[in-house]
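Welcome! Let us walk through this structure together, one part at a time.

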Amino acid sequence: MLKFLKKQPQADIPKWEQMPRWDDLVEDMPDDRIPLIDRKVLDISKLTVDQKIFRDQGFLILKDFLPENLVDAYVAKRERLNLPGGYPTPIPYMNVEEIKDLCLYQPLTGKLEELFGEPMGMHLNLTGWVSTERNWHQDEYLNPPGVAGWYVAVWMALDTIHPDAGPFEYVPGSHKWDLVRRDKVLEYISPEERGKETWPKQSERFLTQLFEDKVKEKGIKSQYFLAEKGDVLIWHSRLMHRGTEPKNRNLQRRTIITHYSGINHRVDMPVKQQHKGQGYYFVLDDGKAGAY
Ligand SMILES: O=C(O)CCC(=O)C(=O)O
Ligand SMILES: [Fe+2]
């Protein structure tokens, strides 16, 4: 009898025309594929203080961490651009020395290496001085499978962040929730869209609601990063986060957000370089970065 009450499989409808449930998209990663600090079986007593915080909370805040001269040099350069959305390329670092000096500042990349046990190379900057307004999500599902957790993002405050300017919001501990996997998400995207760079936008058709429901269901109080100039927030690739909607659109939100991957975990980005004996960046060319 029970079997007649079960939801019928929609075998005749392709997956990309269906709405997946949370459980259709998640899958855990075995310990031997992920960074040491994320493993289930681990001698916690061997972790550093910051490794332990990052493992437990999924983020690490470093107050007053960035040197003022590096922040000021980048801000002066960025101000001249006069575009609220920032550089119209995801890799402005390829041509802007001030970004490399700031985002590859040795104590910062040294901290990332401490967390992951491998140098982390820069490959993406978000340079807008407005919120992305991207709703709740984890970053991990956007990555090719081999990256497997060797991925981290850093929110660097270049000035005081006003609570009405659309601050960064995150759910502490949410990096321990189920992991949404890219391969599973792609099954729900039509074959034509799947091969395009814009597939993440398409995935919001179902993911935004699922992420939002999950945050509500868990009921854990979120936090805002109301930072001062030079403060840094490092977040785990599975941490649930969003760029909130600004209450006042006249306010600037002066930040540079930078994403990094383990330098040995990006077969899709084979060339990397060390910057002035400090951190690494992946050498990329999108045909646009050179214009700035
Ligand atoms: O606008 C924000 O602060 C969120 C940015 C974000 O989601 C990201 O960089 O992965
Ligand atoms: Fe994100």
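Two strands are said to pair if DSSP finds at least two bridges between them. With that in hand, take one example of residues facing each other across such a pairing: Ala153 stands opposite Trp235 in β6. Please keep in mind that you are looking at a predicted model.

Ala153 belongs to strand β3, which spans residues 151–157, and this strand is a good place to begin. On one side, β3 pairs with β6 in the antiparallel sense, over five bridges. β3 also pairs with β8, again in the antiparallel sense, and here there are seven bridges. In that second pairing, Trp155 has Ile257 of β8 opposite it.

Now step back to the sheet that holds these strands. It is an open sheet of seven strands with mixed pairing, and its order is β1-β6-β3-β8-β2-β10-β9. At its edges lie β1 (59–62) and β9 (272–274), each of which pairs on one side only. Direction ignored, neighbouring strands of the sheet are turned by 30° against each other on average. At the β9 edge, β9 and β10 (residues 280–282) are joined by three bridges in the antiparallel sense, and Lys272 has Phe282 in β10 as its bridge partner. Strands of a sheet pair through backbone hydrogen bonds, either parallel or antiparallel.

A helix lies against this sheet as well. Helix α6 (residues 106–116) lies across β2 (120–126), β3, β6 (232–236) and β8 (255–262), and runs at about 120° to β2.

Is β3 enclosed or exposed? Seven of its seven residues are buried, so β3 is largely enclosed by the rest of the structure. In a regular strand the side chains alternate between the two faces of the sheet. Here, Tyr151, Ala153, Trp155 and Ala157 point one way from β3, while Val152, Val154 and Met156 point the other way.

This brings us to the nonpolar interior. In soluble globular proteins, nonpolar side chains tend to be buried together. The largest nonpolar core in this model has 59 residues, and Tyr93, Leu102, Val152, Met156, Ile234 and Ile256 are those with the most contacts inside it. Strand β3 gives the most to this core, with seven residues. Beyond its neighbours within four places in sequence, Val152 is in contact with Leu112, Phe116, Met120, Ile234, His236, Ser237 and Tyr260.

Another buried residue worth finding is Ile99, which lies in helix α5 (residues 97–103). Why does Ile99 count as buried? Because 27 other C-beta atoms lie within 10 Å, and 20 or more are needed. Leaving aside neighbours within four places in sequence, the contacts of Ile99 are Tyr74, Pro92, Tyr93, Asn125 and Ile256. Ile99 and Thr258 are 159 residues apart along the chain, yet their C-alpha atoms are separated by 9.6 Å.

There is a second sheet to look at. This open sheet has three strands in the order β5-β4-β7, with antiparallel pairing. Its edge strands are β5 (223–224) and β7 (241–243). Strand β4 (residues 168–170) pairs with β5 over two bridges, and Tyr170 stands opposite Gln223 in β5.

Finally, turn to the ligand. Which residues surround ligand 1? They are Leu126, Ser131, Thr132, Arg134, Asp139, Ala153, Phe168, His241, Gly243 and Ile257. By class, this shell has four nonpolar, four polar and two charged residues. Two names in it should be familiar by now: Ala153 and Ile257 are among the residues around ligand 1, and we met Ala153 opposite Trp235 and Ile257 opposite Trp155.

Key
Residues numbered from 1 in each chain as written. Chains lettered and ligands numbered in written order. Predicted model: local features only at pLDDT ≥ 70, side-chain atom pairs only at ≥ 80, totals over all residues. Near = placed C-beta within 6 Å. Nonpolar A, V, L, I, M, F, W, Y, C, P; charged D, E, K, R; others polar. Core = buried A, V, L, I, M, F, W, Y, C linked by C-beta atoms within 7 Å. Buried ≥ 20, exposed ≤ 12 C-beta atoms within 10 Å, placed from the backbone. Helix = DSSP H or I, 4+ residues; strand = E, 2+ residues; numbered from the N terminus. Contact = placed C-beta atoms within 7 Å. Axes fitted to C-alpha atoms, helices over the stretch in contact; angles between N-to-C directions.
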